[in-house]
Protein chains: 2
Amino acid sequence: MGIENLIKIDKKREEPLYMQIYIQIKDMVEKGIIKEGTKLPTIRRLSKLLGVNTVTVVNAYHMLEKKGIAYSIVGSGTYIGAVNYKFDLSGDVEPEIVDSISRPIGSRYINFASSNPSHELFPVREFKEIFAEVLDRDGGMAFTYQESMGYRPLRESLSRLLAKDGISTDPRKILIISGAQQGLDIISKVLVGQGDNILVERPTYTGAIAVFKSRNANIIDIPVTNEGIDIKRLEEILRKHNIKLFYLMPMFQNPTGVRYSDEIKSRIMKLSREYGFFIVEDDFVSDIYYDSRPTPIWDYSHADNVIFIKSFSKVFMPGLRLAFMVLPDMLLESIQAAKYSSDIATSGFFQRSLQLFLDKGLWDKHTEMLRHVYKARRDFMAECLNNIKNTGITFKIPDGGLNFWLTLPISLNDREIYEAALKEKVIVAPGSFFYLNNPEHNHLRLGFASTNEDEIEGGINIIRDILLALRNENYIQTEPLL
Amino acid sequence: MGIENLIKIDKKREEPLYMQIYIQIKDMVEKGIIKEGTKLPTIRRLSKLLGVNTVTVVNAYHMLEKKGIAYSIVGSGTYIGAVNYKFDLSGDVEPEIVDSISRPIGSRYINFASSNPSHELFPVREFKEIFAEVLDRDGGMAFTYQESMGYRPLRESLSRLLAKDGISTDPRKILIISGAQQGLDIISKVLVGQGDNILVERPTYTGAIAVFKSRNANIIDIPVTNEGIDIKRLEEILRKHNIKLFYLMPMFQNPTGVRYSDEIKSRIMKLSREYGFFIVEDDFVSDIYYDSRPTPIWDYSHADNVIFIKSFSKVFMPGLRLAFMVLPDMLLESIQAAKYSSDIATSGFFQRSLQLFLDKGLWDKHTEMLRHVYKARRDFMAECLNNIKNTGITFKIPDGGLNFWLTLPISLNDREIYEAALKEKVIVAPGSFFYLNNPEHNHLRLGFASTNEDEIEGGINIIRDILLALRNENYIQTEPLL
């Protein structure tokens with residue numbers, strides 16, 4: 001049955017006839033009754049069928065076009081277009097992969113895809129006491145709006161925390177945000193516009209790509225090597241393009257785990273001054289080091305083109321939604337305004353609680369404990385992976401962070417392994433997930449943050465079986481072609 | 001001393017000479033040593049002074065232009081421009097007014113500008129118990145990432161809460177957000193683009209204006225009358241412009257306190273269907289009614305073009321940063337993605353706590369108490385204002401919300417009164433604050449949420465004295481001209 005038979009008009013109603021036609025077609029499109037690409041009846045045919053003037057149908061179709069619901073091709077007719085309410089979250093990634101990767105830990109799955117910390121390690125007992133202490137001390141004030149820049153005592157405590165790691169900054173330059181993702185969103189609102197050239201690492205964090213895309217930026221990626229990014233490639237890009245901003249994770253890069261060399265960091269800083277671009281340094285896991293603490297790209301007391309973002313989600317508790325940025329003076333005012341327009345302010349109650357946690361010295365104790373626990377897990381996972389090297393995988397043992405970055409033998413495909421593992425209730429992150437475009441399909445990211453030793457051992461063995469089976473299968477499949 | 005004497009170049013350094021010049025000028029601009037509009041030395045003059053080739057200076061100036069730091073006028077020279085890192089928070093408002101309006105309650109000031117609830121009324125004791133209960137029940141799970149749409153049991157409780165007020169909706173369509181401001185930001189990311197026509201009320205909430213401006217929308221305002229907006233004007237605008245979205249507060253409008261009539265609401269809905277625009281209904285204070293509960297613009301079980309935002313900040317505790325939206329099906333996926341890219345998810349811990357608060361029946365008890373307390377304050381403020389009618393002010397007693405909207409005699413200016421009151425440690429919100437453009441200067445918004453009876457009486461008396469003094473002054477000043 002054609003569309004024309006579904007449209008009913010009522011000449012007695014006050015609503016103009018063309019509106020009645022427009023609304024009914026629009027409704028059918030939104031409900032999926034009419035699909036994208038459908039050709040609408042000709043004007044003559046519809047006007048005859050409905051018993052209305054051709055001008056009425058012309059007006060209805062015109063309205064559909066004006067609203068972006070239909071388009072016309074001269075000499076051919078009017079067609080239903082794709083309704084344009086899309087928000088592109090990431091490049092090539094199917095939603096079901098995102099879903100499965102973020103499947104809650106503690107379910108029947110062994111989750112190597114998550115790089116979120118084990119909730120058993122959260123300092124719940126300490127926070128229960130701290131919450132009570134904040135409420136006894138501040139009462140209802142703890143639940144009022146916090147000033148946009150953040151709770152001043154927390155900003156002072158954070159400044160002292162940074163100082164202990166040799167980073168000197170001024171509490172005045174610290175902005176408290178609701179997680180690192182919000183930091184990227186706010187920075188983009190101020191610095192990134194239509195067509196701006198933005199640099200990212202290859203591979204990189206997909207949440208950053210999503211934000212830059214939502215500002216219609218032109219995103220360019222630079223390969224990450226063992227020492228950091230490929231500096232030659234950076235210089236080439238800088239000569240060709242006017243770059244606005246470079247987003248990078250020099251301290252244990254995500255997903256590769258690479259720690260930038262001092263040489264690479266200082267060359268990036270030098271180039272950023274020469275070519276005049278902003279650097280956004282994302283520190284999401286520097287507290288989890290197994291050798292020595294990595295150093296940030298710059299001393300933040302001086303840099304006027306570097307924004308430092310430190311998240312507490314990976315190391316601490318994601319549910320607090322707390323992070324902070326250190327900002328150059330020239331951006332302070334505008335980024336504060338952008339923060340205000342994003343969510344007014346971050347929860348003051350959590351800010352007061354974190355401040356107390358820091359000031360009681362609990363942060364240092366907690367991160368020390370985490371390093372101890374995660375180092376044992378890293379070592380155990382390295383052992384398990386070493387035992388399955390006969391599958392052809394290669395990897396470097398990370399000296400920080402919560403992930404291994406595996407390289408697969410060339411005959412294997414990360415998505416195939418992801419799917420086979422999922423059937424066995426093991427979740428891995430396909431490496432291709434982390435690429436802006438033309439993804440490489442020979443990597444897996446395996447995280448040990450959300451798994452215990454039993455799960456690591458069991459999960460790696462399942463992966464071994466899958467890798468061996470797939471290699472055999474591919475071997476058999478391709479044999480006839482040799 | 002001219003700029004040219006501050007530039008030092010070093011031919012032995014590896015850095016190209018033009019870069020050395022560029023960086024030093026850029027630094028001086030950013031540090032404020034060179035101001036906007038400054039003319040740079042001529043190319044010939046600078047090259048001679050520095051002993052470099054003219055091409056070197058040309059390259060340096062070209063770089064400054066490329067980076068938006070300088071611009072050239074043919075035949076005149078090169079000038080320093082305004083460095084373009086602005087984020088426009090609102091229209092006409094000076095930052096110091098925003099600062100003073102948001103000055104913390106509890107300071108030495110009587111704050112009529114704030115419409116934030118008194119922190120003494122927050123259910124702190126109840127929440128302390130609920131926090132402990134959530135932590136005992138959920139442990140570390142309470143601090144993991146929450147799913148982007150929100151904690152499912154909370155969404156179910158909210159759906160039941162709405163049902164009691166006669167609004168039927170599906171928990172599936174509810175998205176938990178970090179405050180209403182974030183809701184507006186997320187909606188804008190999906191629906192508002194460069195040049196889109198957006199309708200707002202006149203006057204309106206400035207946070208909404210800031211968000212739409214940040215998306216480079218074309219904002220159009222419609223006057224609010226005693227019954228709601230001016231429908232004739234709406235129809236005129238709809239005939240002339242293709243409207244994307246209408247943002248409004250039909251239940252106790254901010255700042256006017258107007259409650260829309262049923263007639264106006266149904267005509268707006270009808271027009272929104274006919275002309276195909278989205279409606280964003282902001283419900284920030286409907287629980288604080290003194291007569292009968294206001295009804296929303298539409299039954300959300302049916303509307304496919306209406307987004308409902310309900311905030312808990314005004315009625316409950318702003319520091320929780322909790323609100324929610326009811327979304328039409330066609331926008332669910334894209335708005336969820338935009339939420340994810342904004343801050344991944346709202347704090348799960350607060351969501352779990354609010355859910356428990358609702359399910360224990362504490363919300364109903366709390367809002368009933370608030371209506372009782374605020375009604376008494378409203379009545380007291382009405383009495384005080386009635387006593388100073390000799391100043392020439394007029395107002396309607398609001399039947400909901402936390403503000404009076406005063407109209408001043410025509411000879412008085414809201415900014416003048418704001419400044420005079422501030423000197424006396426009384427803060428009022430100048431009405432002009434709430435206008436998109438061409439502000440009216442004959443209104444004040446006086447809130448009673450953050451003040452007790454003593455403060456109300458004292459503050460209103462101070463305002464009376466100011467009004468009378470200014471009227472006299474203006475009278476005397478203008479007399480010679482008569």
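How much area do domain 2 of chain A and domain 3 of chain A bury between them? About 2,300 Å², with 61% of it on carbon and sulfur atoms; buried area here is the accessible area (1.4 Å probe) that two parts lose on being put together, summed over both. We will come back to that seam after a quick look around.

**Before you start**

This is a predicted model, in which local features need pLDDT of at least 70 and side-chain atom pairs count only at pLDDT 80 or more, while totals for chains, interfaces and linings use all residues. Residues are numbered from 1 along each chain as its sequence is written, chains are lettered from A and ligands numbered from 1 in the order in which they are written, and side-chain values use heavy atoms, with hydrogens and water left out.

**Stop 1: chain A as a whole**

Select chain A and show it as a cartoon. Its C-alpha atoms fill a box of roughly 80 × 70 × 50 Å along the principal axes. You should find 15 helices and 15 strands; these are DSSP runs (H or I, at least four residues, for helices; E, at least two, for strands), numbered from the N terminus. Of the 482 residues of chain A, 60% count as buried, where buried means under 20% relative accessible area, exposed over 50%, and partly exposed in between (1.4 Å probe, protein chains only). Among contacts in chain A with a separation of 6 or more, 72% are between residues 24 or more positions apart; a contact means heavy atoms within 4.5 Å.

**Stop 2: colour the domains**

Give each domain of chain A its own colour: domain 1 is 3–80, domain 2 is 95–115 + 365–481, and domain 3 is 122–360. These bounds come from an automatic or database domain assignment.

**Stop 3: the seam between domains 2 and 3**

Now keep domains 2 and 3 of chain A on screen. Their centres, taken over C-alpha atoms, are 28 Å apart. Domain 2 puts 25 residues into the contact and domain 3 puts in 26. Next, show A:Arg371, A:Asp399 and A:Leu436 as sticks: they supply 30% of the area that domain 2 buries against domain 3, more than any other three residues.

Stay on A:Asp399 and add A:Arg259. Their side chains meet in a salt bridge, 3.0 Å from N to O; the rule asks for a side-chain nitrogen of Lys or Arg within 4 Å of a carboxyl oxygen of Asp or Glu. Across this domain interface the rule finds 1 salt bridge. It also has 9 residue pairs in polar contact, both at pLDDT 80 or more. A polar contact is a pair of N or O atoms within 3.5 Å; within protein, one must be able to donate a hydrogen and the other to accept it, and residues adjacent in sequence count only if both atoms are side-chain atoms.

Then select helix H13 (362–386) and strand E12 (403–407) of chain A, each of which supplies at least two residues of the domain 2 side. H13(A) gives the largest share of that side, 7 residues.

**Stop 4: a glycine inside domain 3's range**

Select A:Gly228, in strand E7 (residues 228–229) of chain A. Is A:Gly228 buried or exposed? A:Gly228 counts as buried because its relative accessible area is 0%. Show its neighbours A:Pro223, A:Val258, A:Tyr260 and A:Ile264, which it touches, not counting residues up to four places away in sequence.

**Stop 5: bring in chain B**

Turn on chain B. Here 75 residues of chain A are in contact with 74 residues of chain B, and the two chains bury about 6,600 Å² between them, 62% of it on carbon and sulfur atoms. The interface holds 6 salt bridges. One to zoom in on joins A:Asp136 and B:Lys128, with the closest N and O atoms 2.7 Å apart. Helix H11 (residues 329–343) gives the most to chain A's side of this interface, with 9 residues.

**Stop 6: A:Thr144, looking across**

Select A:Thr144, in the loop between helix H5 (124–138) and helix H6 (152–164) of chain A. A:Thr144 counts as buried because its relative accessibility is 10%. A polar atom of its side chain lies 2.8 Å from the backbone oxygen of A:Met141. Which residues does A:Thr144 touch, not counting residues up to four places away in sequence? Light up B:His119, B:Phe122, B:Pro318 and B:Gly319 to see them.

**Last stop: B:Leu446**

Finish in strand E15 (residues 443–447) of chain B, where B:Leu446 is found. B:Leu446 counts as buried, at 0% relative accessibility. The residues it touches include B:Phe112, B:Met381, B:Val428 and B:Ile460, not counting residues up to four places away in sequence.
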